[in-house]
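This report walks through one metal site and the residues around it. Look over the sequence and the structure first.

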Amino acid sequence: MKLSPPKKNFPTKKEPEPPFPYLRFLVQIGIALFLVWLWQESLHKATVSTIPYSEFLNKLNQKEIVECKITPDEIYGKMLIVKPEEKGKPPRIGLFSTVRVDDPDLVKRLQAAGVVYGSVKPSLLSQILFSWVVPILIFFLVWFALARFVGGGGAGYSLLNIGKSRARLLVDESTGVTFADVAGCDEAKYELQEVVDFLKNPSRYKALGAKIPKGVLLVGPPGTGKTLLAKAVAGEAKVPFFSISGSEFVEMFVGVGAARVRDLFGQAKAKAPCIIFIDELDAIGRQRGIRIQVGSDEHEQTLNQLLVEMDGFDPNEGIIVLAATNRPEILDRALLRPGRFDRQVVVDLPDANGREAILKVHAKGKPLSSDINFKEIAQATMGFSGADLANLLNEAALLAARRKSTCIEQKDLFEAMEKVIAGPERKSRVLSEKERERVAYHEVGHALVAFYLEHAEPVRKISIVPRGRAALGYTLQLPASQQYLLSKSELLDRICVAMGGRAAEELIYKDVTTGAENDLEVATTIARQMVCLYGMGEKSGLSHYVPPQPLFGGLDSSYLKECSNETARIIELEIEKILEENYEKAKSILQQHLKELQEVTTILLAKETLSGEEFKSILDKVKNQEGVSYSSSVSSS
Ligand code: ADP
Ligand code: ZN
Ligand code: MG
């Protein structure tokens, strides 16, 4: 059963930027240049007197010029300084310079005055200095100033470390978090235990030649404790924890993100064994090449660099990359292939037991009154994530403080719960009692149909805990082994299982809801593919009806483009028939096993999740009670 909850955006933390961080820098440069200019000017002024050309000629006539050098636009040299009040004393010699005027008689005049004169070529060094070094220097200064501006400033962000990762700031030598601080996700903890073991005793794994996964991807809705789990792994293994958020890699300049990735891995290697944690991996891990947008070059380079780095270290070096995302479906496929994030750990919303455990973890250190009953709260907070529950307890403590009480009471918890639920986003996720029951029947409908069909995959889990990613409940089926080919009967059974949810709703309530939309989409897609792609239709024959591929994305639903109207009609009817038949089949299966449908639903409502084994044992119990043999139709798996 699916529903589309509003998508949440998660703002990433950023240090507040000072207003115009680049301005101060520019002003500094300006002042420095001004000072240099001032110094040079005054030096010049103090020693060299600049005189007009006419005065130069006067002095020449009075033989006061001692010697001079002629450059293309200046004449400078030594002259006698004659001051009226210093008459009698020997004249001092001073420096002069004058701007050269186009004077064809200059040489004659100099000759006549008997001055030592000559010309100079500007020295190579000063030529290079003024025509190359200075402009380049100025260019670089401006570029750095701009880089500071667009690079998105922030504390500790100076000229010299544009490409350095800010991960360094977040190195935690010991996180201090342990698995005991994370409650209610035992499967995830179990999987991560292996990573901890490896970091603690790498030699044991090396001796056996075992390769530990390089990358582990934590997948799950927001607030379920992914970041916390990653920290706990580092804490348990007592290794440093490098953490960076995916969004921090994304920069304006092409290549900066890639440099950060390189730097991050470089720093981590120096500290191995350690953990690198990339939060919100989807910010860099988005599929490449689809969007054409500003910054997509940079994006691809960063991702490519990450892929290269992940290939580049030996798994036994002692670095393990953990990453978290709540949108695994948009990740680039290359990230998920073996040797990179090949292991995925699902961190789902907690069920009733998990919620109780989380409440207890967060209640530690808070004074509680004796009437506290966490079980009750846990049962009432379906759909809450770990973060919500932590928040709930904090709210309760605030409420208790407002009452001027010394301990938290049950009523505080309830009031806090209402406060959290009444928040705008929660309303849609916590279901009413009536809806819960409907969802439960729907899911058990899927599960029962799957159980009684010969070719359907075995049921692994039934849940009515709404998930962050759109589902209100779900039935998880997993194939017993890896399968590459699907037979027609298997495909038909898949359609039938997809119909099971709606069939159960109709059977029980004589009415249907919008909840089956996704199921119908799945069923229709399979049916259409059977008819159009696999030649499994009865009347449509063996033709392969695929339209030209659309530019972006995969196959769309318009397989019918490339055929005549009559064929299109036949295909439509064929699809309709498959769906219709399977819906009836699902209904009749459930009709036959109505008692089991009700029994399993009752238990599911109480427990919220059922494993495959629990599901089977309930069915066995019901059968034994009734004393009826179903052996002929029971699936062998
Ligand atoms: P995510 O990274 O999955 O969005 P976080 O790990 O940041 O979630 O969790 C946010 C906070 O919620 C944690 O700091 C912790 O206080 C609380 N929390 C979430 N899940 C759990 C859990 N399973 N056990 C204990 N606390 C949890
Ligand atoms: Zn469904
Ligand atoms: Mg997180």
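Which residues does the UniProt annotation "binding site" cover? The record, an unreviewed entry, lists His442, His446 and Asp519. Keep in mind that the model discussed here is predicted.

## Annotated residues

The three "binding site" residues span 78 residues in sequence, yet no two of their C-alpha atoms are more than 10.7 Å apart, so they gather at one spot.

UniProt also places an "active site" feature, again from an unreviewed entry, at Glu443. Glu443 belongs to helix α15, which runs over residues 433-452. Is Glu443 buried or exposed? Its relative accessible area is 1%. Buried means under 20%, so Glu443 is buried.

## The zinc site

Which protein atoms serve as donors to the zinc ion (ligand 2)? They are NE2 of His442, NE2 of His446, and two OD entries from Asp519. These donors lie 2.0 to 2.8 Å from the zinc ion. Along the chain, the donors follow the spacing H-x3-H-x72-D. The pair His446 and Asp519 links distant parts of the chain. His446 is in helix α15, Asp519 is in helix α17 (residues 517-532), and the two are 73 residues apart.

What is the geometry of the site? The angles among the four donor atoms of the zinc ion (ligand 2) run from 51 to 140°. Four donors count as tetrahedral if all angles lie between 85 and 135 degrees. The site is therefore irregular, with its 51 to 140° range. For reference, the ideal angle for four tetrahedral donors is 109.5 degrees.

## His446 and its surroundings

His446 is found in helix α15. Its relative accessibility is 7%, so His446 counts as buried.

Which residues does His446 touch, leaving aside those up to four places away in sequence? The contacts are Thr475, Val497, Ala498, Gly500, Gly501 and Asp519. Asp519 is thus a contact of His446 and a donor to the zinc ion (ligand 2).

## Asp519 and its surroundings

Asp519 lies in helix α17. At 9% relative accessibility, this residue counts as buried too, because the cut-off is under 20%.

Not counting residues up to four places away in sequence, Asp519 touches His442, His446 and Ala498. Ala498 is also on the contact list of His446. Both histidines that Asp519 touches are donors to the zinc ion (ligand 2).

Conventions
Residues are numbered from 1 along each chain as its sequence is written. Chains are lettered from A and ligands numbered from 1 in the order in which they are written. This is a predicted model: local features need pLDDT of at least 70, side-chain atom pairs count only at pLDDT 80 or more; totals for chains, interfaces and linings use all residues. Side-chain values use heavy atoms; hydrogens and water are left out. UniProt positions are given in the numbering used here, feature names are shortened, and annotations may be inferred rather than shown by experiment. Helices (H or I, at least four residues) and strands (E, at least two) are DSSP runs, numbered from the N terminus. Buried means under 20% relative accessible area, exposed over 50%, partly exposed in between (1.4 Å probe, protein chains only). Donors are N, O and S atoms within 2.8 Å of the metal (3.2 Å for Na, K and Ca); water is not among the atoms, so sites may look incomplete. Four donors count as tetrahedral if all angles lie between 85 and 135 degrees; four count as square planar and six as octahedral if opposite donors are over 155 degrees apart and all others between 65 and 115; anything else is irregular. Contact means heavy atoms within 4.5 Å.
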